[in-house]
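I opened this notebook to record what I looked up in one structure. The entries follow in the order in which I made them.

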Amino acid sequence: MHSYVDLYFTPDSSSPLQLSERLRSVAGLSFIIGPHDLVFDWDSEHEFQERIAKIHEALQGSGVFYRVETVHEDPEFVPPMPWPPPMPRRDPEHPGF
């Protein structure tokens, strides 16, 4: 199953750019391009509960609201393209790379 997460930001909440690294490190998710902000796949109720708990932890204290929409089968599902793309790690022996 696919679950989509839509995030709602206010002027008093964390910015999407600030939140993107936290979502990546805590919940293992990146923002995606398209009508939803995040997506994750799951096969069991336990997997779903674990992922939602991590998303909730990543968003806690940010002032951001979220909504979850789950679909059983989505014939138009395209693997998501993350943004902003992860930054490459710098090689101290090769500056500029």
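**Charged residues and their partners**

I began with E69, which counts as partly exposed because its relative accessibility is 28%. The model I consulted is a predicted one.

I then looked up the partner of E69 and found that its side chain meets that of R67 in a salt bridge, at 3.6 Å from N to O. R67 is itself partly exposed, with a relative accessible area of 38%.

I noted a salt bridge between R67 and D6 as well, at 3.3 Å from N to O. This pair links distant parts of the chain: D6 belongs to strand 1 (residues 2–8) and R67 to strand 4 (residues 65–71), 61 residues apart. D6 has a relative accessible area of 10%, so I entered D6 as buried. I recorded D6, R67 and E69 as a network of salt bridges.

How many salt bridges does a search of the whole structure find? I obtained three. One of them joins E21 to R24, with the closest N and O atoms 3.2 Å apart. I placed both residues in helix 1 (residues 16–27), three residues apart, about one turn of the helix. E21 is partly exposed at 45% relative accessibility, and R24 is partly exposed at 22%.

I next looked at the surface and found a negative patch formed by D41, D43, E47 and E50. I located E47 in helix 2 (residues 45–59) and entered E47 as partly exposed, at 34% relative accessibility.

Finally, I recorded the overall plan: two helices and five strands, in the pattern β-α-β-β-α-β-β along the sequence. Buried residues make up 27% of the 97 residues.

Terms used
Residues are numbered from 1 along each chain as its sequence is written. This is a predicted model: local features need pLDDT of at least 70, side-chain atom pairs count only at pLDDT 80 or more; totals for chains, interfaces and linings use all residues. Side-chain values use heavy atoms; hydrogens and water are left out. Patches are made of residues with over 30% relative accessible area and no salt bridge: like charges are joined within 9 Å, nonpolar side chains (Val, Leu, Ile, Met, Phe, Trp, Tyr) within 5 Å. Accessible areas come from the Shrake-Rupley method with a 1.4 Å probe; for residues, only the protein chains shown count as cover. A salt bridge is a side-chain nitrogen of Lys or Arg within 4 Å of a carboxyl oxygen of Asp or Glu. Lys and Arg count as positive and Asp and Glu as negative; His and the chain ends are not counted. The place of a charge is taken as NZ of Lys, CZ of Arg, CG of Asp or CD of Glu. Helices (H or I, at least four residues) and strands (E, at least two) are DSSP runs, numbered from the N terminus. Buried means under 20% relative accessible area, exposed over 50%, partly exposed in between (1.4 Å probe, protein chains only).
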